[in-house]
Amino acid sequence: MQTVNAAYTSQTCPDPTCGYVHRDNRHGDVFHCRNPYWECNWQGHVDHVAAMNIKSRIKDREISRFTPYTEVKKILDERFLRRMQSRGIPTDDAATAHGPTPSEPQSLDTTVGGTHYAARMSPVPVVGTGETRRLGSEKKRSA
């Protein structure tokens with residue numbers, strides 16, 4: 001019996017030719033590889049995927065049991081970028097291990113009830129701003 005670092009094991013594609021890591025790969029108990037660079041589409045139960053990745057970590061010389069999860073992510077991303085290069089996929093500044101990065105903000109146009117709305121979306125998602133928490137507490141105060 002051995003102990004290994006389990007960081008990102010349920011978000012990493014277990015296919016040795018892929019290895020794409022992203023939180024969108026996991027949805028509840030279902031794993032579906034969302035690799036934007038080539039058609040992988042590996043699917044399975046997240047526990048099975050994690051077990052396969054844990055088994056492969058036993059002999060991993062770069063990721064030890066005590067490697068910080070941020071460093072694990074960097075190692076996994078670097079491995080994926082090397083796989084991209086071996087497939088002849090360019091890895092310039094416009095691409096990351098998490099998918100193509102749009103150079104221009106995307107616009108979202110929609111019409112609701114006869115009223116036209118236009119919004120510009122940032123190319124980099126803003127996460128963890130606490131906005132949801134603040135909105136929720138404001139709703140409670142006004143109720």
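# A walk through the model

Begin with the sheet: three strands form an open sheet in the order β1-β2-β3, and their pairing is antiparallel. Select β1 (26–27) and β3 (43–45), which stand at the edges. Each has a single partner strand, so one side of each is left without a neighbour in the sheet. As you look, keep in mind that this is a predicted model.

**Stop 1: inside the sheet**

Now select β2, residues 30–32, together with β3. These two strands pair in the antiparallel sense over three bridges. To see one place where they face each other, pick H32, which stands opposite Q43 in β3. As background, strands of a sheet pair through backbone hydrogen bonds, and the pairing can be parallel or antiparallel.

Next, follow the loop that runs between β2 and β3 and stop at N41. What is the sign of phi at N41? Phi of N41 is positive, near 55°, in a residue other than glycine. N41 counts as partly exposed, at 37% relative accessibility.

**Stop 2: the whole chain**

Zoom out and colour by secondary structure. The protein chain has three helices and seven strands. Walking along the sequence, you will pass them in the pattern β-β-β-α-α-β-β-β-β-α.

Switch to a surface view for a moment. The accessible surface of the protein chain comes to about 10300 Å², and 52% of that belongs to carbon and sulfur atoms. The chain has 143 residues, of which 29% count as buried. How much of the contact within the chain links residues 24 or more positions apart? Among contacts with a separation of 6 or more, such residues account for 44%.

**Stop 3: the segment before β1**

Go back to the part of the chain that precedes β1 and select Y8, which is found there. Phi of Y8 is near 65°, another stop with a positive value in a residue other than glycine.

V21 is also in the segment before β1. Is V21 buried or exposed? V21 is buried, because its relative accessible area is 2%, and buried means under 20%. Draw a distance line from V21 to S10: their C-alpha atoms are separated by 9.1 Å, and the two residues are 11 residues apart along the chain.

**Stop 4: a pocket beside the helices**

Hide the surface and turn to the second largest pocket, which holds about 290 Å³ of space. As a general point, rolling a probe the size of a water molecule over the atoms shows where empty space is left. This pocket is lined by 14 residues, and the ones nearest its centre are T12, C13, N53, S56 and R83. Select those five to mark the spot.

Which helices each supply at least two residues of the lining? They are α1 (46–57) and α2 (69–86). Helix α1 gives the most, with four residues. If you colour the lining by residue type, you will find five nonpolar, four polar and five charged residues.

Stay with N53, one of the residues nearest the pocket centre. N53 is found in helix α1, and with a relative accessible area of 7% it is buried. Show its neighbours: leaving out residues up to four places away in sequence, N53 touches T9, T12, C13 and P14. Two of these names, T12 and C13, you have already selected around the pocket centre.

**Stop 5: helix α2 and the loop before it**

Move to helix α2 and pick R79, which lies in it. R79 has a relative accessible area of 18% and is buried, since the cut-off for buried is under 20%. Which residues does R79 touch, not counting those up to four places away in sequence? They are D60, E62 and I63.

For the last selection, take S64, found in the loop between α1 and α2. At 38% relative accessibility, S64 counts as partly exposed. Add T3 and draw a line between the C-alpha atoms: S64 and T3 are 9.2 Å apart in space, although 61 residues apart in sequence.

Technical notes. Residues are numbered from 1 along each chain as its sequence is written. This is a predicted model: local features need pLDDT of at least 70, side-chain atom pairs count only at pLDDT 80 or more; totals for chains, interfaces and linings use all residues. Side-chain values use heavy atoms; hydrogens and water are left out. On a 1 Å grid over the protein atoms alone, a cavity is a set of points where a 1.4 Å probe fits but cannot get out, and a pocket is an open set with protein on both sides within 12 Å along at least five of seven lines; lining residues have an atom within 4 Å of a point. Grid points are joined across faces, edges and corners, and a volume is the space filled by probe spheres set on the points. Ala, Val, Leu, Ile, Met, Phe, Trp, Tyr, Cys and Pro count as nonpolar, Asp, Glu, Lys and Arg as charged, and the others, Gly among them, as polar. Buried means under 20% relative accessible area, exposed over 50%, partly exposed in between (1.4 Å probe, protein chains only). Contact means heavy atoms within 4.5 Å. Accessible areas come from the Shrake-Rupley method with a 1.4 Å probe; for residues, only the protein chains shown count as cover. Two strands pair if DSSP finds at least two bridges between them.
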